[in-house]
Amino acid sequence: MGLLTFSINLTLDGCIDHQEGIADDETHTFFTKLMDESGAMLWGRVTYELMESYWPAVARGETEAPPALREWALKLDAKPKYVVSSTRTDFPWNNSHQLNGDLRTAIQQLKDATPNGVLLGSGKLATELDRLDLIDAYTFLVQPRIAGHGPTLYERGLPSTRKLEFISATPLRCGAVAMHYQRAY
């Protein structure tokens with residue numbers, strides 16, 4: 001069984017707005033390596049649509065992009081992508097699949113079928129999966145910024161505090177710090 005790892009950019013005040021992070025070659029290389037280590041991607045519909053609106057065109061060479069972004073786009077295009085949605089059923093982006101039915105069962109089956117693990121990149125979906133005790137590890141890229149606005153990490157709350165075990169911290173040249181934790185059971 002693979003682990004479900006939640007990974008996202010966030011500012012020092014917890015903002016997870018994708019426009020508030022530093023998107024340079026180093027951060028894209030970091031996320032490309034993280035994706036390479038995982039067997040599949042997992043998103044909610046909103047995040048999928050955000051990604052789908054840009055990255056396939058970069059992978060096809062229709063949009064100009066530096067080498068680190070192009071590498072991310074090509075690998076993301078090839079990676080299995082799973083989407084939790086109750087409102088959309090058509091997912092034409094290469095290797096995209098809908099997860100439906102009981103959320104706990106669908107995610108557990110995905111984890112069981114993906115020995116290299118699943119990388120989760122949606123804030124709202126992470127809240128729901130954490131409420132179901134399905135997230136095993138966390139990798140947060142903490143940005144050296146205070147956004148002063150939302151959306152924020154876990155803004156809809158959790159029923160109890162999550163105790164985490166520190167694994168590592170890796171500073172990037174841009175000032176961001178990659179923080180790695182796993183659930184402490």
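A salt bridge is a side-chain nitrogen of Lys or Arg within 4 Å of a carboxyl oxygen of Asp or Glu. The exercises below apply this and other terms to the structure above, which is a predicted model.

**Exercise 1.** Decide which parts of the chain are tied together by the salt bridge between Arg-88 and Glu-52.

*Solution.* Begin with the distance: the side chains of Arg-88 and Glu-52 meet at 3.0 Å, taken from N to O, and the cut-off for a salt bridge is 4 Å. Next, place the two residues, with Arg-88 in the loop between S3 and S4 and Glu-52 in helix H2, so that the pair ties together parts lying 36 residues apart in sequence. This salt bridge belongs to a structure that holds 15 salt bridges.

**Exercise 2.** Work out how helices H1 and H4 are oriented to each other, and describe their contact.

*Solution.* Take the geometry as the starting point: helix H1, residues 25-36, packs with helix H4, residues 67-78, at an angle of about 20°, and their axes are 9 Å apart. Angles under 35 degrees count as roughly parallel, and H1 and H4 are therefore roughly parallel to each other. The handedness of the crossing of H1 and H4 is left-handed. From H1 the contact draws on Asp-25, His-28, Thr-29, Phe-31, Thr-32, Met-35 and Asp-36, while H4 brings Ala-68, Leu-69, Glu-71, Trp-72, Lys-75 and Leu-76. Sorted by class, the residues in the contact of H1 with H4 are six nonpolar, three polar and four charged.

**Exercise 3.** Describe the open sheet, naming its edge strands, and then the helices that lie on it.

*Solution.* Write down the order of the eight strands, which is S4-S3-S2-S5-S1-S6-S8-S7, with mixed pairing. The edges are S4 (96-99) and S7 (164-171), each of which pairs on one side only, and the twist from one strand to the next averages 25°. Looking at one pair, S6 (residues 137-143) and S8 (residues 177-183) are antiparallel over six bridges, and Val-142 stands opposite Val-177 in S8. Turning to the helices, H1 lies across S1, S2, S5, S6 and S8 and runs at about 175° to S6. Helix H2, residues 45-52, also packs on the sheet, where it touches S2, S3 and S4, and its direction makes about 115° with that of S2.

**Exercise 4.** Find the loops that hold Pro-151 and Asp-133, and state the backbone feature of each residue.

*Solution.* Pro-151 is placed in the loop between S6 and S7, and a cis peptide bond with omega of about 5° joins Gly-150 to Pro-151. Asp-133 is found in the loop between helix H6 and S6, and although Asp-133 is not a glycine, its phi is positive, at about 60°.

Methods:
Residues are numbered from 1 along each chain as its sequence is written. This is a predicted model: local features need pLDDT of at least 70, side-chain atom pairs count only at pLDDT 80 or more; totals for chains, interfaces and linings use all residues. Side-chain values use heavy atoms; hydrogens and water are left out. Axes are lines fitted to C-alpha atoms, for helices over the stretch in contact, and angles run from 0 to 180 degrees between N-to-C directions. Helices (H or I, at least four residues) and strands (E, at least two) are DSSP runs, numbered from the N terminus. Angles under 35 degrees count as roughly parallel, over 145 as roughly antiparallel, 65 to 115 as roughly perpendicular and the rest as oblique. A crossing is left-handed if the near helix is turned anticlockwise from the far one by less than a right angle, and right-handed if clockwise. Contact means heavy atoms within 4.5 Å. Ala, Val, Leu, Ile, Met, Phe, Trp, Tyr, Cys and Pro count as nonpolar, Asp, Glu, Lys and Arg as charged, and the others, Gly among them, as polar. Two strands pair if DSSP finds at least two bridges between them.
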